[in-house]
Amino acid sequence: MTLFSIMTCFLGANVPRRSTAGSDTEGPLIRPATVRAFSLCLVLTLAVFPGAAGASSGSGDLTNALIHGGAFDGRPPTGFRWSPQGDRFTFMRRPEADAPALLYVYDVATRRSTALTAAEEGPRKLAVASSQWTPAGDALLVEAGGDLYLLRVPGDAARGAAVSAEPRRLTSTAAEEKDPKISPDGTMVGFVRDHDLHVIDLATGAERAVTTGGTEEVANGEVDWVYDEELDISSAWWWSRGKPARIAFLQFDERPVPTYPIVDWIPTHPDLKPQHYPKAGDPNPIVRLGVAGTDGGPTKWIDLGSNTDIYVPRVAWLARGSLAVQRMNRAQTRLELLECGVETGACRAILEEKDAKWLNIGDDSSFFEKYFLWGSERDGQRHLYMYETATGRLMRQVTRGAWSVTDLAPTRENGPIFFTATEKSPIERHLYRVNLDGSGLTRLTRENGWHTTWINGTGVEPGKAMFIDSLSTANEPARITLRRIDGTLIDTLDEGVAKELAGYRRGRVEFRTVPAPDGTALPAALTLPPDFDPKKKYPVLVYVYGGPHAQVV
């Protein structure tokens, strides 16, 4: 069995819903999110080695030298971020195979992209780690080299105009600025530095500390290992919607959590770092939820009850200035949605989910002034429900059927709902649209396979909605396109390497089903070597990942 056929015995499913600004904290075990991304990449990407345009096609076997020599590494665009107006988006891409990635802006009207950062020496040579649009859509907050910059994006930047303005440097410190976010009104930038929250006034450049006293063991607004790894949280602080500007944040007290030694073997002299890591039965970090003003005043702590052995997996601001807080027990069998007042700190229960075995945490809730959307598995499949915000009254179940909603896309208030689901097949992902009353369910992606999509925000009119679509299958390379909301093609952003792979002998993946004891047809994938002979016997590598929420055939 070749390396190729062995490696592609893996099949992943859920793409981790992780912000590009999130950090990957080192941990002692393989990360479930990493398992999902790694196994998905192996079958849906490595199986056909999508790579850079320009590699010549060949013939014969795919050897280790070819696989690891860079010929099929690829230069696909990544990190898509739509502008608030929905007419442009940014992405990262390497201009050449061996070059560092640059930040680009793409204009839909002209179908042209322009580099916003540069490879040559100068003020625009930035190793961009993350970027986000300002609310006005005229600039980007860029995180690069541990510091923050504001990069102006002229409206005609992707129409041929040169981007000549130097980035405005917001910070220049030895410590790294992490998890930066622009305030909803565009006047301030918040971030975490040295385990505390800070803000910068963009008009004056003045910086203020929002919290003080943060340490490695008691951190403010900085995600710990447990929440990052097990609850898929990439950020632990949130801007309020209106004025006065406030910040809600989680404080993690790691002092009760035992440590685990992590060794970095790459340096000549390995580096040992202790990691707070709770094994089964060990104490988790004690988590508090606070609200602070941007003037550095005292923090108001939210009353989440006397039991500190809980999780606070999700927090969101409501339109009326209160907080929507999810509180979950340690066994993850009970989940409550609370509304918490920021002045009093008092909370009331809005709804409750219970399961004797397990409750999954999802990113499929969205809060509006009069209603909110909520994802639940209460009927045996994960579906969307609509609740009245003021009372917590269930208004209706929006989606239903023998399939699951896997992601809720950005959605306009009172507009149609966009989401990713398994309605067509449990081993595929497609983008769907449905009306608030549950009518008009429509699949927007047409080709068979696994679709990862980015919709152009909540600020655009339904008739101007578009999405970026990355499509791959177990036997075909990933291809990225720009499409209208009805699925029709606007532009092809990346072709993949189907032409470069032509002529090579490749293994193939066949999907089967295996009956469970109760008769359920369980999907299975069989990866066959290029020279497979059905008359022979072959060694088989079987991979099963048993964690919740990570789908493996």
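Okay, a cut-off to start with: when I say buried, I mean under 20% relative accessible area, exposed is over 50%, and partly exposed is what falls in between. By that cut-off Tyr-311 is buried, because its relative accessibility comes out at 8%. Keep in mind that what we're looking at is a predicted model.

So let's stay with Tyr-311 and its partner. Tyr-311 pairs with Tyr-227: the ring centres are 6.1 Å apart and the planes sit at 65 degrees, so we call this one edge-to-face. Tyr-227 is in helix α4, residues 225-230, while Tyr-311 belongs to strand β21, so the two rings tie together parts of the chain 84 residues apart in sequence. Tyr-227 is buried too, since its relative accessibility is just 1%.

Tyr-227 also takes us into the core. The largest nonpolar core holds 41 residues, and Tyr-227 is among those with the most contacts inside it, along with Leu-250, Leu-304, Val-312, Leu-323 and Val-325. Which strand gives this core its largest share? That's β21, residues 310-317, with five residues. If you want one residue to click on, try Val-312. Leaving aside anything up to four places away in sequence, Val-312 touches Tyr-227, Ile-233, Leu-250, Val-287, Leu-304, Val-325 and Gln-326. There's a second core as well, separate from that one, with 15 residues, including Leu-373, Val-398, Tyr-432 and Val-434.

Back to the aromatics. How many aromatic pairs turn up in a search of the whole structure? The search gives 20. One of them is Phe-80 with Phe-91, and that pair is tilted, at 6.3 Å centre to centre with 45 degrees between the planes. Phe-80 sits in strand β2, residues 78-82, and Phe-91 in strand β3, residues 88-93, so here the pair ties together parts 11 residues apart in sequence. Phe-80 is buried at 8% relative accessible area, and Phe-91 is buried at 6%. Both belong to one aromatic cluster, whose other members are Trp-82, Phe-89, Tyr-104, Tyr-106 and Trp-454.

Some rings have a charge over them instead. The charged end of Arg-288 is placed over the ring of Trp-301, 3.7 Å from the ring centre. Over at Trp-237, it's the charged end of Lys-181 that sits above the ring, 4.5 Å from the centre.

Next, a sheet. Four strands make an open, antiparallel sheet, and the order is β6-β7-β8-β9. Which strands stand at the edges? Those are β6, 128-133, and β9, 168-169; each has a single partner strand, so one side of each is left without a neighbour in the sheet. The partner of β9 is β8, residues 147-152, and these two pair in the antiparallel sense over two bridges. If you zoom in there, you'll find Tyr-149 opposite Arg-169 of β9.

Last stop, the cysteines. Searching the whole structure turns up one disulfide. It joins Cys-340 and Cys-347, with the sulfur atoms 2.1 Å apart. The link between Cys-340 and Cys-347 is right-handed, with 110 degrees about the S-S bond. And are its two ends buried or exposed? Cys-340 is buried, because its relative accessibility is 0%, whereas Cys-347 comes in at 28% and so counts as partly exposed.

That's the tour; over to you.

Methods
Residues are numbered from 1 along each chain as its sequence is written. This is a predicted model: local features need pLDDT of at least 70, side-chain atom pairs count only at pLDDT 80 or more; totals for chains, interfaces and linings use all residues. Side-chain values use heavy atoms; hydrogens and water are left out. A nonpolar core is a set of buried Ala, Val, Leu, Ile, Met, Phe, Trp, Tyr and Cys residues joined through side-chain atoms within 4.5 Å. Buried means under 20% relative accessible area, exposed over 50%, partly exposed in between (1.4 Å probe, protein chains only). Contact means heavy atoms within 4.5 Å. Two strands pair if DSSP finds at least two bridges between them. Rings of Phe, Tyr and Trp (its six-membered ring) pair if their centres lie within 6.5 Å; planes under 30 degrees apart count as stacked, over 60 as edge-to-face and the rest as tilted. A charge sits over a ring if NZ of Lys or CZ of Arg is within 6 Å of the ring centre and within 35 degrees of the ring normal. A disulfide is a pair of cysteine sulfur atoms within 2.5 Å.
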